[in-house]
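User: I am new to reading protein structures, and I would like a close look at a single part rather than a tour of the whole. Could you pick one part and describe carefully how its pieces are arranged?

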Amino acid sequence: MEMWDVAVIGGGMSGWVAAAYAVKAGQRVMLTEKARMFGGRALTVHKNGVFLSLGAHAIYRDGECFHILNELGATPDGNVPAMAGHMLRERQLHDLPGSPISLMTSRLLSVRGKVELARILMSLKKLDKRNLPQGSLKDWAERSIREPEVRHMIYALCRTATFAHRPEIQSAGPALRQVNHVLNGGALYVNGGWSSIIERLRQTAMKAGVRAETGKAVVSITRQTSAQPNSVESFYEIRFADGEVRYANAVILAVPPTECYKIVSGSEKTALERWCRQARPVTTACLDLGMRRLPNPKVQFVMGLDSPFLFSNQSRAAKLSDNGGLAVHILKYHGSSQPDAEQDKADLERTMDILQPGWRKELQATQYLPHITVVHDYAHTERMEAPGPAVPELPNLYIAGDWAGHGELLVDAAAASAKRAVVELLNRSIPKQGEYHEYRRTI
Ligand SMILES: Cc1cc2nc3c(=O)[nH]c(=O)nc-3n(C[C@H](O)[C@H](O)[C@H](O)COP(=O)(O)OP(=O)(O)OC[C@H]3O[C@@H](n4cnc5c(N)ncnc54)[C@H](O)[C@@H]3O)c2cc1C
């Protein structure tokens with residue numbers, strides 16, 4: 001019976017980060033992905049010469065994921081766009097009041113509002129990350145911001161930085177920390193789309209010895225025990241949809257919480273049940289477009305102020321085409337509203353008519369994702385606890401993913417939780433003489 005040290009289930013960002021760290025620490029690692037391709041939601045589709053990610057994607061240079069990719073030798077290539085753009089209010093475009101000049105001339109704010117926005121942005125830029133505000137974003141905003149117009153602007157900024165559209169339950173601290181990342185390090189648009197990050201990670205991990213397969217869905221994970229003369233040893237039996245069975249001493253589940261719950265035998269008696277129940281997924285409707293050119297080239301990036309939209313021409317900062325086309329994304333944040341595929345598409349198209357009149361004539365490729373999950377959970381006030389890294393009831397079972405953040409959000413939560421899972425796994429496994437400190441140094 002072949003026994004792996006670590007089995008990583010799921011080949012998205014968190015799975016690959018976990019596999020890369022574990023193999024770097026000397027573990028024998030296998031990774032399995034149920035889809036035909038690695039990447040999960042970091043997938044990029046190459047359509048008619050344009051590289052379209054699944055919705056607009058940017059990586060925060062001050063965030064955990066970027067640092068982790070650096071540490072693993074898989075730093076992404078790309079550029080940070082200038083912090084300029086527009087806001088849409090009552091179907092009218094206004095300059096984003098992000099620079100001193102655009103703030104002074106903005107018709108979105110009263111004089112008092114301008115002074116207050118400048119003060120709030122400065123304080124967010126200098127945010128003390130060791131002393132983040134508690135409670136919901138709404139409570140924080142109502143406590144800290146006098147002018148309602150400024151509050152709405154800060155909500156729009158938080159929504160853009162985190163994709164969450166429920167200030168009444170979103171935890172203020174992590175949201176403001178993410179805004180701080182945007183204001184300082186900026187958001188990197190990645191050349192070739194996010195698949196190129198996965199590809200770098202995959203190459204690094206496989207070169208170091210990870211064995212990885214696609215089209216290999218796990219259907220069950222069951223803890224087995226065997227009695228030894230002085231102890232009880234436990235390991236995991238992993239069953240695949242094709243009937244194959246493999247064994248591993250430790251498992252890292254880098255799949256959504258509902259999937260963890262489904263495939264782990266006896267999960268209803270573990271923390272996985274609680275983590276599933278407390279999860280508040282964030283979803284959007286995305287219209288991803290390959291375009292020959294923008295009919296209105298002055299409009300490159302737009303945040304909705306009184307409507308939950310984001311428009312971005314990602315090609316303004318990253319190489320996302322091999323024929324001169326542009327990768328353009330527009331999305332609608334669902335928040336607590338019920339998704340309606342047809343209505344959402346009509347809303348997105350109507351907004352495109354305002355921002356880029358005549359856009360349909362420039363289309364090269366289209367991809368509509370009516371209800372895609374951006375994150376399976378995030379920091380909100382209805383959470384009972386931050387999930388993971390270990391599943392307490394099942395020794396050597398760990399979780400990773402964007403839903404397992406401990407204050408990090410989005411892909412930063414995915415990467416940071418994967419690293420946490422490996423560190424915890426190495427700390428808990430009984431090291432051979434001298435290896436423990438080696439592991440700690442590597443990680
Ligand atoms: C529209 C959109 C925009 C986004 N924009 C940003 C952004 O700008 N910045 C940012 O930081 N983040 C962004 N994100 C979030 C980011 O894409 C995700 O947080 C990240 O890719 C999640 O990685 P993951 O490994 O946690 O999950 P996933 O990528 O979902 O990976 C899980 C993998 O597990 C596999 N799997 C599931 N079940 C099984 C099984 N039984 N057996 C084997 N394999 C299985 C799945 O097929 C999948 O490949 C965005 C997401 C979306 C959808």
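Analyst: Let us start from one residue, Leu 88, whose bridge partner in strand β8 is Leu 93. This is a predicted model, in which local features need pLDDT of at least 70 and side-chain atom pairs count only at pLDDT 80 or more, while totals for chains, interfaces and linings use all residues. Residues are numbered from 1 along each chain as its sequence is written, and side-chain values use heavy atoms, with hydrogens and water left out.

Strand β7 covers residues 86-89 and is joined to β8 by four bridges, the two strands running antiparallel; strands here are DSSP runs of E with at least two residues, helices are runs of H or I with at least four, and both are numbered from the N terminus. Two strands count as paired if DSSP finds at least two bridges between them.

β7 and β8 belong to an open sheet of seven strands, and if you follow the order you pass β8, β7, β15, β16, β17, β14 and β18, with mixed pairing along the way. At the edges are β8 (92-95) and β18 (363-375), each of which pairs on one side only. Neighbouring strands of this sheet are turned by 20° against each other on average, direction ignored.

A helix also belongs in this picture: α6 (residues 148-162) lies across β7, β15 (301-304), β16 (309-313) and β17 (326-333), where contact means heavy atoms within 4.5 Å. Helix α6 runs at about 120° to β15, with axes fitted as lines to C-alpha atoms, for helices over the stretch in contact, and angles taken from 0 to 180 degrees between N-to-C directions.
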